[in-house]
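Hi everyone, thanks for coming. I'd like to walk you through one structure today, so please have a look at the screen while I talk.

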Amino acid sequence: MSTATLADQPRTLVDHPAPSLLQLVRVELRKSADTRAGRWLLIVIGLAVLGVVAISLFVEDAPKRFTDHFGITQLPISILLPVLGILLVTSEWSQRTAMTTFTLVPRRSRVLVAKVLAATVLAVLGVVVAALASVLATVLTPVFSDSERDWDITAALVGQVLVVQVVTVLAGVAFGMLLLSSPLAIVLYFVLPTVFTILVSLVAALDWVRDWLDLSTTSLPLLEDGVDAQGWLQFGTSVGLWVLLPMVIGWVRIQRSEIA
């Protein structure tokens, strides 16, 4: 009787379960801080928030209420965090990891959903950081000025600010999906809305375009209390133009394109 060697034994294929959506989101969040650009961007955002808090404390005429601090600290986050949303997508192509990513997870839509959810988590964390910085600023207000602490803020305002920040970061993700190039996406993300705002502001006949399609204009009321139904409708219309449309086109492009 011959003894079968290990090489003669039949080989069985082990089917590894596909990673869950939660695991993919964790991977994407880790990617956002793993790269040098992402890590430094997070550091710059933190320093910018602290810088804004310091300015608001030391400038005598600056508003001192918690609501004011909360609104001011959103500014650097809303400017810089969308860049991280762009890098969340475009880094796959700039670092040539797209082939590996989509080989490990062949269903590209699951990866894209994970990137959108990770960007949403980053936006929520950005609002949390701003809230913590605002608490610090409010606590220190009597130390640097004669103003008393004012903690008054509504839950509706916090929710509206959260919506604006999520939409802003997702706009970055949408531009990243559409262009798949970090420099191009970052430049056009800042240039196109700015040029659009300037053009519609110069022509009086285009006021309705600004009121309905300019995201910076339609999102402004959400940073204040008392947004009516028309305000939400105008905001939703501009979101459709600057977030949903480029995201859908970019989504289809990634789904159908050859990954090299």
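Let me start with a question for the room: does Q160 count as buried or exposed? Keep in mind that this is a predicted model. Q160 has a relative accessibility of 8%, and the cut-off for buried is under 20%, so Q160 counts as buried. You'll find Q160 in helix α6, which runs over residues 155–179. And what does Q160 touch, leaving aside residues up to four places away in sequence? The list is P221, L222, E224, V227 and W232.

Now let's step back and look at the whole chain. The chain has 10 helices and 0 strands, so if you read along the sequence, the pattern is simply α-α-α-α-α-α-α-α-α-α. For a compact globule of 260 residues you would expect a radius of gyration near 18 Å, but this chain has 23 Å. Along its principal axes, the C-alpha trace spans about 95 × 50 × 30 Å.

A few totals, for those who like them. Of the 260 residues, 39% count as buried. The chain exposes about 14,700 Å², and carbon and sulfur atoms supply 68% of that area. Then there are the contacts: taking those with a separation of 6 or more, 76% are between residues 24 or more positions apart.

Next, two helices I'd like you to find. Helix α5 covers residues 108–144, which makes 37 residues. At 1.5 Å a residue it should span 54 Å, and its end C-alpha atoms are 53 Å apart, so expectation and model agree. Where does α5 kink? The kink is at T138, about 25 degrees, shortly before the proline P142.

The other one is α7, residues 182–202. With its 21 residues, α7 reaches 31 Å from its first C-alpha to its last, close to the 30 Å expected at 1.5 Å a residue. There is a kink here too, of about 25 degrees and centred on L188. Which residues of α7 are buried? They are S182, A185, Y189 and V200, and the cover over them includes α3, α6 and α8, the last of these being residues 207–213.

That brings us to a residue in α3, the helix of residues 66–94, namely T90. T90 has 0% relative accessibility, so T90 counts as buried. The side chain of T90 makes a polar contact of 2.7 Å with the side chain of S182, one of the buried residues of α7 that I just listed. Apart from residues up to four places away in sequence, T90 touches G176, L180, S181 and S182.

For contrast, let's finish with E60. E60 sits in the loop between α2, residues 36–58, and α3. With a relative accessible area of 72%, E60 is exposed, because the cut-off for that is over 50%. How far is E60 from R30, C-alpha to C-alpha? The distance is 40 Å in space, with their positions 30 residues apart in sequence. And to come back to where we began, Q160 is 100 residues from E60 in sequence and 28 Å from E60 in space, again C-alpha to C-alpha.

That's my tour. Thanks for listening, and I'm happy to go back to any of these places on the screen.

Notes
Residues numbered from 1 in each chain as written. Predicted model: local features only at pLDDT ≥ 70, side-chain atom pairs only at ≥ 80, totals over all residues. Heavy atoms only, no water. Helix = DSSP H or I, 4+ residues; strand = E, 2+ residues; numbered from the N terminus. Expected span 1.5 Å × (residues − 1). Bend = angle between axes of the 7 residues up to and from the residue. Rg over C-alpha atoms; globule rule 2.2 N^0.38 Å. Buried < 20%, exposed > 50% of the residue type's maximum accessible area, 1.4 Å probe, protein only. Contact = heavy atoms within 4.5 Å. Areas by Shrake-Rupley, 256 points an atom, 1.4 Å probe, with all protein chains shown as cover. Polar contact = N/O pair within 3.5 Å; in protein donor to acceptor, adjacent residues only side chain to side chain.
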